[in-house]
Amino acid sequence: MLSDEIGFVLWFTGLSGAGKTTVAAKLAPMLAERGHRVELLDGDEVRTNLCQGLGFSREDRDTNIARIGYVAGKLAKHGVAVLVAAISPYRQARDQVRASVDHFIEVHVAAPLATCAKRDVKGLYARALSGELPNFTGVSDPYEPPLAPELVLHTEAESVDDSVHQILTWLEANQLTFPVRVLSRNGDRQAIARDAQGPTGSAMAPEHRSTTTAHMPAASRQGSPYERGADS
């Protein structure tokens, strides 16, 4: 990686079951194919490994988001494309992360509550609606949607591929990533960054644009591609 390679944070926010992790997990290997180093920070996994002991009060939720934002910002400063998939229900907490990151792209995954509840294979929405599960975002706890996100994904009406395409198009338009052209050489297919140019226009040697493995949770599920349990 060259020292001027630009890292960024794609912050997926939305209700549980909106499709945040599903879209991020589909996007991650595509960014890796373009030569980015990619890290996916999933809300559930972060709560299990980094934020043990935190509950679901507003204070604890804000602490959770601040910790995720700190890690994401550090990675982005070193040229990593960071994908964060977390409910992050409070606008102020998200804005504080935005203020600390040079290239912060807020992605509102805006599926309505009814769609999210239908996708909920764990039955968490049903438990929340019955009063059995307190402090559940969108039911007994508020969700504050972004006022001016860079991207809005309507996953109730568009496919995962459509959502990913919108994000890649935005990143290309803002010169944070570049399309790949596929060359055939003795029957082998190789993905090469367009004109081997970095975001600042400096020539990037092929060895600096090699594909790296994106760290992501398993995303293969039966049924709807958006079906999953609640995330944090």
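# Salt bridges, a buried helix and aromatic pairs

A search of this predicted model as a whole finds 7 salt bridges. Side chains of opposite charge can pair when their charged atoms come close. One of these salt bridges is formed by Lys-26 and Asp-161, whose closest N and O atoms are 2.3 Å apart. This pair links distant parts of the chain, since Lys-26 belongs to helix H1 and Asp-161 to helix H7, with the two positions 135 residues apart in sequence. Lys-26 is partly exposed, with a relative accessible area of 31%, and Asp-161 likewise counts as partly exposed, at 44% relative accessibility.

A further group of charged residues is centred here on Glu-106. Arg-94 forms a salt bridge with Glu-106, with 2.8 Å between the closest N and O atoms, and this pair too links distant parts of the chain, Arg-94 lying in helix H4 and Glu-106 in strand E4, 12 residues apart. Both Arg-94 and Glu-106 are buried, the relative accessibility of Glu-106 being 4%. The side chain of Glu-106 also meets that of Arg-98 in a salt bridge, at 3.2 Å from N to O, and Arg-98 counts as partly exposed at 25% relative accessibility.

Glu-150 joins the same set, for Arg-94, Arg-98, Glu-106 and Glu-150 are linked in a network of salt bridges. The place of Glu-150 is in the loop between H6 and E5, and with 25% relative accessibility Glu-150 counts as partly exposed. Its side chain makes a polar contact of 2.9 Å with the side chain of Arg-98, while a polar atom of the Glu-150 side chain lies 2.8 Å from the backbone nitrogen of Glu-106. Leaving aside residues up to four places away in sequence, Glu-150 touches Arg-98, Phe-104, Ile-105, Glu-106 and Trp-170. Of these, Ile-105 is 45 residues from Glu-150 along the chain, yet the C-alpha atoms of the two are separated by 5.8 Å.

From the charged network the reader may turn to helix H1, which holds Lys-26. Helix H1 covers residues 20-33, and at 1.5 Å a residue its 14 residues should span 20 Å, which agrees with the 21 Å between its end C-alpha atoms. Because 10 of those 14 residues are buried, H1 is largely enclosed by the rest of the structure. The buried residues are Lys-20, Thr-21, Thr-22, Val-23, Ala-24, Ala-25, Leu-27, Ala-28, Leu-31 and Ala-32. They pack against strands E1 (8-13), E2 (37-42), E3 (80-85), E4 (104-109) and E5 (151-153), and against helix H7 (160-173). Just after H1, Gly-35 takes a positive phi of about 105°.

Aromatic side chains provide another set of links. A pair of aromatic rings is described by the distance of the centres and the angle of the planes. The structure holds 2 such aromatic pairs. Trp-11 and Phe-104 form a tilted pair, with 5.9 Å from centre to centre and 35° between the planes. Trp-11 lies in strand E1 and Phe-104 in strand E4, so the pair ties together parts that are 93 residues apart in sequence. Both Trp-11 and Phe-104 are buried. Tyr-125 and Phe-136 form an edge-to-face pair, with 4.8 Å from centre to centre and 75° between the planes. This pair links distant parts of the chain, with Tyr-125 in helix H6 and Phe-136, 11 residues away, in the loop between H6 and E5. Both Tyr-125 and Phe-136 are buried.

The loops contain some further local features. Asn-135 lies in the loop between H6 and E5, where its phi is near 55°, a positive value in a residue other than glycine; Asn-135 is partly exposed, with a relative accessible area of 38%. Ser-88, placed in the loop between E3 and helix H4 (91-100), has a positive phi of about 40° although it is not a glycine, and Ser-88 is buried, with a relative accessible area of 1%.

Asp-120, finally, is found in the loop between helix H5 (113-119) and helix H6 (124-129). Asp-120 is buried yet has no salt bridge, the nearest side chain of opposite charge being that of Lys-122, 7.3 Å away. The side chain of Asp-120 does, however, reach the backbone nitrogen of Lys-122, at 3.1 Å.

Key:
Residues are numbered from 1 along each chain as its sequence is written. This is a predicted model: local features need pLDDT of at least 70, side-chain atom pairs count only at pLDDT 80 or more; totals for chains, interfaces and linings use all residues. Side-chain values use heavy atoms; hydrogens and water are left out. Helices (H or I, at least four residues) and strands (E, at least two) are DSSP runs, numbered from the N terminus. The expected span of a helix is 1.5 Å times one less than its number of residues. Buried means under 20% relative accessible area, exposed over 50%, partly exposed in between (1.4 Å probe, protein chains only). Contact means heavy atoms within 4.5 Å. Lys and Arg count as positive and Asp and Glu as negative; His and the chain ends are not counted. A salt bridge is a side-chain nitrogen of Lys or Arg within 4 Å of a carboxyl oxygen of Asp or Glu. A polar contact is a pair of N or O atoms within 3.5 Å; within protein, one must be able to donate a hydrogen and the other to accept it, and residues adjacent in sequence count only if both atoms are side-chain atoms. Rings of Phe, Tyr and Trp (its six-membered ring) pair if their centres lie within 6.5 Å; planes under 30 degrees apart count as stacked, over 60 as edge-to-face and the rest as tilted.
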